[in-house]
Amino acid sequence: MKFFCLRHRSYFLPFFVIWAILGFLQILFSQNFLILFVNKHWTSLADIFFRNFTYVGDGAFILVSGLIATLFSYRLAVKIFLSYAVSGIFVQFLKSMIFTEIYRPPKILAEILPLLHQVDGVKLHHFNSFPSGHTTSAFALFTVLALECKSSALKPLLLIPPLLVAYSRMYLLAHFLGDVYVAAFVGIPISVLIYFYMNQYWETQSNPRLNGGLTKLF
């Protein structure tokens, strides 16, 4: 596992640098201050972008990604589906069973909510804030893709989509920084473990049908 992580350090190292910086910000500033800072810096273009890009962390997007992966690699598709399922179940367990009384920004900031910028067409929720499910799913998906990617130069670029999803959750007043911060650290390890141990398992299999994807049928 140690050598596996070292081999993919071009993805993990930038993540840990960003994660450390965001952790330091949360030591210096409160969650309310950070979400209000994000809310203050809005534009009409950003409203459109983040309202739509946040769906990259939605279950439908992950499932479609997995289905597309079946065209080229059954193994990659299985890793995507498993990472999404395991991380999703774990997050829902945390939301519903452990952190049931951690509220979302609209609930915490109810007194000043009318003064805050709200994106048109986005429904605001009050409960089940911690951790962010969209952020977990996005990091789970793109971590699998980064591990599958052969190019060290492209691996760090695969951090950009899940980071944008995480930011979108704050921009849309859906989550605090702490919610997305922990979500990222849930999605990545689960995907790493599933990817690593599925590879270990498949090394013992000789079934040729495991190689390739649906395109081999044509």
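This passage walks through a surface patch, a helix pair and a loop residue in a predicted model.

On the outside of the model sits a nonpolar patch built from Phe24, Ile27, Leu28, Phe29, Phe33 and Phe37. Taken together, these side chains put about 650 Å² of accessible area on the surface. Two elements, helix H2 (9-28) and helix H3 (31-40), each give two or more residues to the patch. H2 is the top contributor, with 3 residues. One of the patch members, Leu28, lies in helix H2. With a relative accessible area of 49%, Leu28 counts as partly exposed, because the exposed label is kept for values over 50%.

Turning to helix packing, helix H6 (residues 74-98) and helix H8 (residues 133-148) pair up with their axes coming within 9 Å. Those axes cross at roughly 155°. Angles over 145 degrees count as roughly antiparallel, so H6 and H8 are roughly antiparallel to each other. As for handedness, the crossing of H6 past H8 is right-handed.

Finally, there is Thr70, found in the loop that runs between helix H5 (59-69) and H6. Is this loop residue, Thr70, buried or exposed? Its relative accessible area comes out at 15%, and since anything under 20% is called buried, Thr70 is buried. Thr70 can also be set against Leu173, which is 103 residues away in sequence. In space, the C-alpha atoms of Thr70 and Leu173 are 35 Å apart.

Terms used: Residues are numbered from 1 along each chain as its sequence is written. This is a predicted model: local features need pLDDT of at least 70, side-chain atom pairs count only at pLDDT 80 or more; totals for chains, interfaces and linings use all residues. Side-chain values use heavy atoms; hydrogens and water are left out. Patches are made of residues with over 30% relative accessible area and no salt bridge: like charges are joined within 9 Å, nonpolar side chains (Val, Leu, Ile, Met, Phe, Trp, Tyr) within 5 Å. Accessible areas come from the Shrake-Rupley method with a 1.4 Å probe; for residues, only the protein chains shown count as cover. A salt bridge is a side-chain nitrogen of Lys or Arg within 4 Å of a carboxyl oxygen of Asp or Glu. Helices (H or I, at least four residues) and strands (E, at least two) are DSSP runs, numbered from the N terminus. Buried means under 20% relative accessible area, exposed over 50%, partly exposed in between (1.4 Å probe, protein chains only). Axes are lines fitted to C-alpha atoms, for helices over the stretch in contact, and angles run from 0 to 180 degrees between N-to-C directions. Angles under 35 degrees count as roughly parallel, over 145 as roughly antiparallel, 65 to 115 as roughly perpendicular and the rest as oblique. A crossing is left-handed if the near helix is turned anticlockwise from the far one by less than a right angle, and right-handed if clockwise.
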